[in-house]
Amino acid sequence: MRICSLAPRAAGVAALMAVALPGGVAAAHEDGSVDATVTPASAAPGASVEVRVSGCEGATGSAGAGAFEGEAKLTGRGGDELHGTATIRKGVTGSYELTVICDGHPHQGVGTVRVIQRNAQPSAPVRAGGGGTARLTSAVSPEADGADEAGPGTRHAVIGLILAGVAAVAVAFRSVRRRRSE
């Protein structure tokens, strides 16, 4: 009779252990002992970020987020901080939670990576030339706007030809003078 009463009790204890042990192991890995940081905290698409993870017992692991092109392979010394690098995918923005796999268990939400969109193009074109004074000179004389677009005219060409002729005559007189002194 004793054997008959021990069998149901043993089955009950086995059932309790089957339920309690996996929950206890899972709780040990989900108690917040694993922490991850991403440097820089905010990165643009295409940038490389460094992932550092503390709280893992093993020497290797991986970190992933929806913003990464692939998983970041983590390495380090056992019981020390693990580290690796990842590249931010193009076309994403916002905050993404990190999932770290170490010690054979996934640790979700142990850190975040923030992706920001940087606009590489200027918001307004820059007025070049004159050190920014082009706007001031056109405000003073309205005729200056037409002169910028017209370019040199016939008068400028004639003055240029006259100056070139004077320079040629000066060079000729100087060379004649040097020959006489020799």
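Three salt bridges are counted in this predicted model, and they are set out in the table below with the N to O separation of the closest atoms.

| Salt bridge | Closest N and O atoms |
|---|---|
| Glutamate 50 and arginine 52 | 2.9 Å |
| Arginine 52 and glutamate 81 | 2.9 Å |
| Glutamate 71 and lysine 73 | 3.7 Å |

Side chains of opposite charge can pair when their charged atoms come close. Arginine 52 lies in strand S3, whereas glutamate 81 lies in the loop between S5 and strand S6 (82-87), so this salt bridge ties together parts that are 29 residues apart in sequence. Arginine 52 also forms a salt bridge with glutamate 50, and through shared partners Glu50, Arg52 and Glu81 are joined into one network.

The surroundings of these charged residues can be described through their relative accessible areas. Glutamate 50 is partly exposed at 28%, arginine 52 is likewise partly exposed at 31%, and glutamate 81 is partly exposed at 36%, so each member of the network falls in the range between the cut-offs of 20% for buried and 50% for exposed. In the salt bridge of glutamate 71 with lysine 73, glutamate 71 counts as partly exposed at 47% relative accessibility, while lysine 73 has a relative accessible area of 58% and is exposed, because the value lies over the 50% cut-off.

The covalent cross-link offers another view of how separate parts of the chain are held together. A search of the whole structure finds 1 disulfide, which joins cysteine 56 to cysteine 102 with an S to S distance of 1.9 Å. Cysteine 56 is placed in the loop between strand S3 (48-54) and S4, and cysteine 102 in strand S7, so the pair ties together parts that are 46 residues apart in sequence. The link is left-handed, with -70° about the S-S bond, and both cysteine 56 and cysteine 102 are buried.

Strand S4 can be considered next, together with its pairing partners. Of the 5 residues of strand S4 (residues 60-64), 4 are buried, so the strand is largely enclosed by the rest of the structure. Strand S4 is joined by 4 bridges to strand S5 (residues 72-75), and the two run antiparallel; within this pairing, alanine 63 has alanine 72 in S5 as its bridge partner. Strand S4 is also joined by 4 bridges to strand S7 (residues 94-102), again with an antiparallel course, and here serine 62 stands opposite isoleucine 101 in S7. Strand S7 thus pairs with S4 and also carries cysteine 102 of the disulfide.

These elements belong to a protein chain with 4 helices and 8 strands, which follow one another along the sequence in the pattern α-β-β-β-β-β-β-β-β-α-α-α. Among the contacts in the protein chain with a separation of 6 or more, 48% are accounted for by residues 24 or more positions apart. Buried residues make up 18% of the 182 residues in the protein chain, and the accessible surface of the chain comes to about 13,200 Å², of which 59% belongs to carbon and sulfur atoms.

Technical notes:
Residues numbered from 1 in each chain as written. Predicted model: local features only at pLDDT ≥ 70, side-chain atom pairs only at ≥ 80, totals over all residues. Heavy atoms only, no water. Buried < 20%, exposed > 50% of the residue type's maximum accessible area, 1.4 Å probe, protein only. Pairing = 2+ DSSP bridges. Contact = heavy atoms within 4.5 Å. Areas by Shrake-Rupley, 256 points an atom, 1.4 Å probe, with all protein chains shown as cover. Disulfide = S-S within 2.5 Å. Salt bridge = Lys/Arg side-chain N within 4 Å of Asp/Glu carboxyl O.
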